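Biologist: Please take a close look at the charged side chains and their partners, and then describe the setting in which they are found. A first-year student should be able to follow each step.

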Amino acid sequence: MKFSDKNNAIELLFLGTCACEFGERLKTDLKCKFDKDVRRSSAMLIDGRFLVDCGVHTEESLAIAGVDVLGITDVFVTHLHMDHYNPDSIQSLARGRSEPLRLWVREGAEVPELENVRVMHMTLFEEYPIDGGSVVSIPANHDPKAHPQHYIFDIGGKRIFYGCDGAWFVNESFIFMRKMNLSAAVLDCTVGDYVGDFRLGEHNSIPMLRLMLPSMMNVGMISKDTKIIFSHLAPSLHKSHEETERIAEGLGATVAYDGMRVSI
């Protein structure tokens with residue numbers, strides 16, 4: 001995968017940072033303001049244009065953040081579970097456009113036909129051009145029926161990995177990412193700081209990330225300059241945001257929260 005030489009800053013806007021376990025507050029007030037103790041369905045906006053996942057709360061999150069949705073050109077779906085992929089929300093985003101909204105899914109994924117939406121089926125490890133750069137999808141260790149994939153974006157010379165909902169790394173993905181020296185790595189952190197959880201087959205815990213990060217550094221996937229961000233947290237499996245943040249700081253990482261903006 002070749003990367004561009006541009007050096008402009010890229011903004012990551014975290015619209016939702018939760019695993020599939022939403023608080024009581026969201027059941028009665030979808031439009032409540034961003035709060036570190038209220039996590040919505042996982043989604044991230046890159047540079048105001050590229051939306052990664054569009055789940056049950058993403059429309060409200062975009063409105064709260066004041067995002068011009070007509071500036072979003074592409075939606076990249078990590079997998080077809082409803083907390084990451086909501087056809088009704090995607091259809092809403094597609095309305096009123098002069099050009100179709102591009103919807104990227106893994107090859108073989110069956111999605112309903114939506115008005116003014118162009119479906120882009122991605123072959124793993126194949127590089128696709130997007131405005132200002134390119135994107136590659138790689139295998140994710142998650143429910144195979146949901147056609148999971150992680151993403152590596154090259155935008156303005158910034159290498160951004162997004163890997164929420166998936167445990168460890170599939171071997172071929174790990175090999176592919178060696179020596180990439182990512183600018184940012186957004187990693188699944190569904191499970192908190194304890195051992196023995198049964199989800200190790202498809203979700204990371206903090207003890208797992210303790211093991212992964214030094215290995216990622218050792219093979220050149222990340223460096224001391226890489227922004228490491230934990231996202232996709234299940235609140236009932238973690239301590240408070242502040243406590244989790246202190247733990248992450250010891251690992252050189254940041255814990256994402258809804259509404260967080262990061263410049264890369």
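Modeller: K224 counts as exposed, because its relative accessibility is 72% and the cut-off for this class is over 50%. Its partner in a salt bridge is D225, with 3.5 Å from N to O. D225 has a relative accessibility of 58%, so it also counts as exposed. Please bear in mind that the whole model is predicted.

The count of salt bridges comes to seven. Another of them joins R49 to D47, and here the closest N and O atoms are 2.6 Å apart. R49 is buried, because its relative accessible area is 16% and buried means under 20%. D47, at 29% relative accessibility, counts as partly exposed. A further salt bridge is formed by R102 and D74, whose closest N and O atoms are 2.6 Å apart. Since R102 belongs to strand β5 and D74 to strand β4, this pair ties together parts that lie 28 residues apart in sequence. D74 is buried, with a relative accessible area of 0%, whereas R102 is partly exposed at 28%. To return to the exposed pair for a moment, K224 and D225 meet through their side chains. Elsewhere, D47, R49 and D131 are joined into one network by salt bridges that share partners.

The strand that holds D74 leads on to the aromatic rings. Nine aromatic pairs are found in the whole structure. In one of them, F76 and Y151 meet edge-to-face, with 5.5 Å from centre to centre and 75 degrees between the planes. F76 lies in strand β4 (residues 74-76) and Y151 in strand β9, so that distant parts of the chain, 75 residues apart, are linked. Both F76 and Y151 are buried. The pair of F161 and F169 is tilted, because its ring centres are 5.8 Å apart and its planes stand at 55 degrees. F161 and F169 are both buried as well. Ring pairs also gather F50, F76, W104, Y128, Y151 and F153 into a cluster.

F153 appears again in the nonpolar interior. The largest nonpolar core has 27 residues, and L12, F14, I46 and F153 are those with the most contacts inside it. Among the elements that give two or more residues to this core are β1 (11-16), β2 (43-46) and β9 (149-155). The strand that gives the most is β9, with three residues. Apart from this core lies another, of 26 residues, which includes M180, L209, V219 and I247. F14 has contacts beyond its neighbours within four places in sequence, including A43, M44, V186 and I229.

One helix completes the picture of the interior. Helix α3 (residues 87-94) is largely enclosed by the rest of the structure, because six of its eight residues are buried. These buried residues are P87, S89, I90, Q91, L93 and A94. Their cover includes β3, α2 (58-65), β5 (101-106) and β6, and β5 is also the strand that holds R102. After α3 comes G96, with a positive phi near 75 degrees.

The surface also has a nonpolar side. W168, L200 and L211 make a nonpolar patch of about 300 Å². L200 is placed in the loop between β11 and α5 (206-218), and its 47% relative accessibility means that it counts as partly exposed.

Terms used:
Residues numbered from 1 in each chain as written. Predicted model: local features only at pLDDT ≥ 70, side-chain atom pairs only at ≥ 80, totals over all residues. Heavy atoms only, no water. Core = buried A, V, L, I, M, F, W, Y, C linked by side-chain atoms within 4.5 Å. Buried < 20%, exposed > 50% of the residue type's maximum accessible area, 1.4 Å probe, protein only. Helix = DSSP H or I, 4+ residues; strand = E, 2+ residues; numbered from the N terminus. Contact = heavy atoms within 4.5 Å. Patch = residues over 30% accessible without salt bridge, like charges linked within 9 Å, V, L, I, M, F, W, Y side chains within 5 Å. Areas by Shrake-Rupley, 256 points an atom, 1.4 Å probe, with all protein chains shown as cover. Salt bridge = Lys/Arg side-chain N within 4 Å of Asp/Glu carboxyl O. Phe/Tyr/Trp six-rings, centres within 6.5 Å; stacked < 30°, edge-to-face > 60°.
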